[in-house]
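This report describes the fold as a whole and then turns to a few individual residues. Please keep the sequence and the model in view while reading.

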Amino acid sequence: MALYISSLNSGSNGNCYYIGNDSDAVLVDAGISCRETEKRMKRLGLNMRKVRAIFVTHEHADHVHGLTQLVKKFNIPAYITTPTLHEGKLKMAEHLIQPFAAYSPMAIGTLSVTAFPKLHDACDPHSFTVTDGQVKVGVFTDIGTPCKHVIYHFQQCHAAFLETNYDDEMLDNGRYPIHLKNRIRGERGHLSNAQALRLFTHHRPEYMSHLLLSHLSKHNNHPQIVEDLFRRNARNTKIVIATRYEETPVFRITKPIQLTEKKAQPDTASQLALF
């Protein structure tokens with residue numbers, strides 16, 4: 001059993017992540033154009049006809065820019081919360097709109113997708129994990145603070161897309177106005193390199209084989225800074241930069257022979273308190 005993953009694009013100019021197996025696949029976000037999504041998947045040898053659903057994290061343009069066209073052209077359902085649909089002013093055929101609820105696994109062919117809430121400055125933001133029953137991959141971007149939801153799900157992943165949006169020094173010394181700097185570093189903004197590194201070093205499972213560092217700021221970060229920082233702490237995890245300019249290769253994620261014991265699931269009755 002294996003999952004295949006790729007970042008088709010990652011950054012404020014558009015976000016789109018592919019996760020699938022031999023028969024089924026999903027996209028998380030559709031922030032680049034339909035044409036560019038098709039072009040990049042074709043270069044990677046990925047088949048758009050295998051994509052069974054598009055999961056939307058939140059309504060910001062860099063996550064939904066290509067959504068309506070992809071949904072219409074390929075007749076793919078969009079899994080999106082009602083507040084996100086309304087706030088994003090997204091117009092799609094009603095039968096292709098699939099609202100979802102956090103914590104309830106959704107069967108997508110041979111895959112299962114689970115949503116969980118996160119802290120970000122959007123109306124109803126969620127992140128997702130995808131599993132085939134053996135291997136689990138998570139998308140952890142657009143996060144202001146790693147709440148317990150994020151930590152718990154990160155601890156379960158064999159591979160992850162993890163936001164490393166900004167370097168603290170570059171943001172401090174950069175050209176952004178102070179109100180924007182405060183928004184970015186706020187608890188509903190984005191993850192810094194340092195925050196992401198703490199999440200990785202304190203909470204990654206021993207079996208995490210791939211970490212795709214994502215949503216790097218064009219002006220407040222640099223790929224070499226991030227790569228050097230994480231590779232020094234990577235141990236057996238392969239570190240990959242997911243860029244704003246091109247797709248990553250496709251990575252094959254498999255279950256190792258030995259797994260460490262899973263952490264206990266947080267009590268769903270007190271989920272809201274986890275923030």
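Helices (H or I, at least four residues) and strands (E, at least two) are DSSP runs, numbered from the N terminus. This is a predicted model, in which local features need pLDDT of at least 70 and side-chain atom pairs count only at pLDDT 80 or more, while totals for chains, interfaces and linings use all residues. Residues are numbered from 1 along each chain as its sequence is written, and side-chain values use heavy atoms, with hydrogens and water left out.

**Overall fold**

The protein contains 9 helices and 14 strands, and its C-alpha trace spans about 45 × 45 × 45 Å along the principal axes. Of the 275 residues, 57% are buried, where buried means under 20% relative accessible area, exposed over 50%, and partly exposed in between (1.4 Å probe, protein chains only). Among the contacts in the protein with a separation of 6 or more, 67% are accounted for by residues 24 or more positions apart, a contact being heavy atoms within 4.5 Å.

**Four loop residues**

The table sets out the place and relative accessible area of each residue.

| Residue | Loop | Relative accessible area |
|---|---|---|
| His120 | between β8 (111-117) and β9 (126-131) | 1%, buried |
| Asp142 | between β10 (136-140) and α5 (148-154) | 1%, buried |
| Lys218 | between β12 (210-214) and α9 (223-231) | 53%, exposed |
| Arg235 | between α9 and β13 (238-241) | 57%, exposed |

Which residues does His120 touch, not counting residues up to four places away in sequence? They are His58, His60, Pro125, Asp142, Ile143, Arg188, Gly189 and His190. With Gly189 there is also a polar contact, since the side chain of His120 reaches the backbone oxygen of Gly189 at 2.8 Å; a polar contact is a pair of N or O atoms within 3.5 Å, and within protein one must be able to donate a hydrogen and the other to accept it, while residues adjacent in sequence count only if both atoms are side-chain atoms.

Lys218, when residues up to four places away in sequence are not counted, touches Arg244 and Tyr245. The C-alpha atom of Lys218 is separated by 34 Å from that of Asp22, which is 196 residues apart from Lys218 along the chain.

Backbone angles deserve a separate note. Most residues other than glycine have a negative phi. Asp142, although not a glycine, has a positive phi of about 55°, and Arg235, also not a glycine, has a positive phi of about 50°.
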